[in-house]
Amino acid sequence: MSAGNEQHDGARFLQSPTGPRVPPRTTANVAPAPPPRQPIQQVTDGYPAAFRWRRLASVIFFVAILLGGGIRAYRDLSRPDAWSFWKDQYISPSLSAALVADPALAGLGDRRTVLAVSGHIGPAAAGWLRERISEAHLKPGDLILLSSPGGNLDQGVLMGEIIRAHGLATAVGVADNSGRIRPGFCASACVFAFAGGQTRYGLDGSALGVHRFTSEARGADAVADTQRVTGAILGYMTRMGVSSQVIEAMSQTREIRWLDPSDAEAMRLVTAPLKAL
């Protein structure tokens, strides 16, 4: 073996003084020990526990208010009259209205806007009429033309109050498809709406009908309720300038009594005659 080979082999083997050469001891590839694990820290929002409990209590209180309001709203809307009101107000109004472009009425005068209102007076009729008056931009002296079999007494009175507050006149009649005004009828609660007119025209051929009102009260409170309603109606008619004789005519029959034109004028329910051209 040459010296070069001996040097080369010497790099791989160690010369033992008493025996053959053996390979050198090598260092094993040992992975470094992992760092010690840090304890897991709880993540917080930075607020003290007392504040978090107050915030949770506020949420619970807010939810309780919503639930209470929802239960109360459900109880209110579960009544038949409440559903009737919402239906009349938003879904299918019992009244309808149309502007009469060129009213042909002797004695009405020029530049009068006529809003023809017809149908049953429902539980939301007064608010509905207020919106129609606003949309039509009616001014004092303009005319509300009524045609209705009646309906809700309270709403009829409120309709009259709204008509008077706007300084509008009233008449009884209908408008056909061509806009021509024809005679009509106004009965029961419609008469109270008619009474609200600043001027109340009696259209030739039209009719006003009155009858005794009914109360839903039962038992001992029925008499007191009837007296209260009678007093309120009498006060309303007096403020509108109508004679108390109309209350007497109402109380005489449960069936509709159609007033003669002379009777309506004597009661001051009609204040001016009006004829269709």
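In this predicted model, Q155 is buried, its relative accessible area being 12%. The residue belongs to helix α5, and its surroundings make a convenient place to start. A polar atom of the Q155 side chain is placed 2.9 Å from the backbone nitrogen of A126. Once neighbours within four places in sequence are set aside, the contacts of Q155 are I121, G122, P123, A124, A125, A126 and G127. A126 thus appears both in this contact list and as the partner of the 2.9 Å approach. Because the cut-off for a buried residue is under 20% relative accessible area, the 12% of Q155 falls in that class.

From here it is helpful to turn to the sheet. Its four strands follow the order β1-β3-β4-β5 in an open arrangement with mixed pairing. At the edges are β1 (95-100) and β5 (169-172), each of which pairs on one side only. On average, neighbouring strands in this sheet are turned by 25° against each other, direction ignored. Helix α4, spanning residues 125-136, packs on the sheet and touches β1, β3 (114-119) and β4; the direction of α4 makes about 20° with that of β1. Strand β4, residues 143-147, pairs with β5 in the parallel sense over four bridges. Within this part of the sheet, I144 stands opposite T170 of β5.

I144 also leads into the nonpolar interior. Apart from neighbours within four places in sequence, I144 is in contact with L115, V117, I133, L138, I163, L168, A169, T170 and A171. The largest nonpolar core holds 45 residues, and those touching the most other members are I144, L208, M237 and L269. At least two residues of this core come from each of β3, α4, β4, α5 (153-165), α6 (189-195), β10 (207-210), α7 (221-239) and α8 (245-251). The largest share is that of α6, with seven residues. A second core, separate from this one, has 13 residues, among them V100, A171, I181 and L274. As general background, nonpolar side chains in soluble globular proteins tend to be buried together.

A last site of interest is H211, found in the loop between β10 and α7. The side chains of H211 and S188 form a polar contact at 2.8 Å. Not counting residues up to four places away in sequence, H211 touches S188, M250, T253, R254, E255 and I256. S188 is therefore a polar partner of H211, as the 2.8 Å separation is within the 3.5 Å limit for such a contact.

Note on methods:
Residues are numbered from 1 along each chain as its sequence is written. This is a predicted model: local features need pLDDT of at least 70, side-chain atom pairs count only at pLDDT 80 or more; totals for chains, interfaces and linings use all residues. Side-chain values use heavy atoms; hydrogens and water are left out. Two strands pair if DSSP finds at least two bridges between them. Axes are lines fitted to C-alpha atoms, for helices over the stretch in contact, and angles run from 0 to 180 degrees between N-to-C directions. Contact means heavy atoms within 4.5 Å. A nonpolar core is a set of buried Ala, Val, Leu, Ile, Met, Phe, Trp, Tyr and Cys residues joined through side-chain atoms within 4.5 Å. Buried means under 20% relative accessible area, exposed over 50%, partly exposed in between (1.4 Å probe, protein chains only). A polar contact is a pair of N or O atoms within 3.5 Å; within protein, one must be able to donate a hydrogen and the other to accept it, and residues adjacent in sequence count only if both atoms are side-chain atoms.
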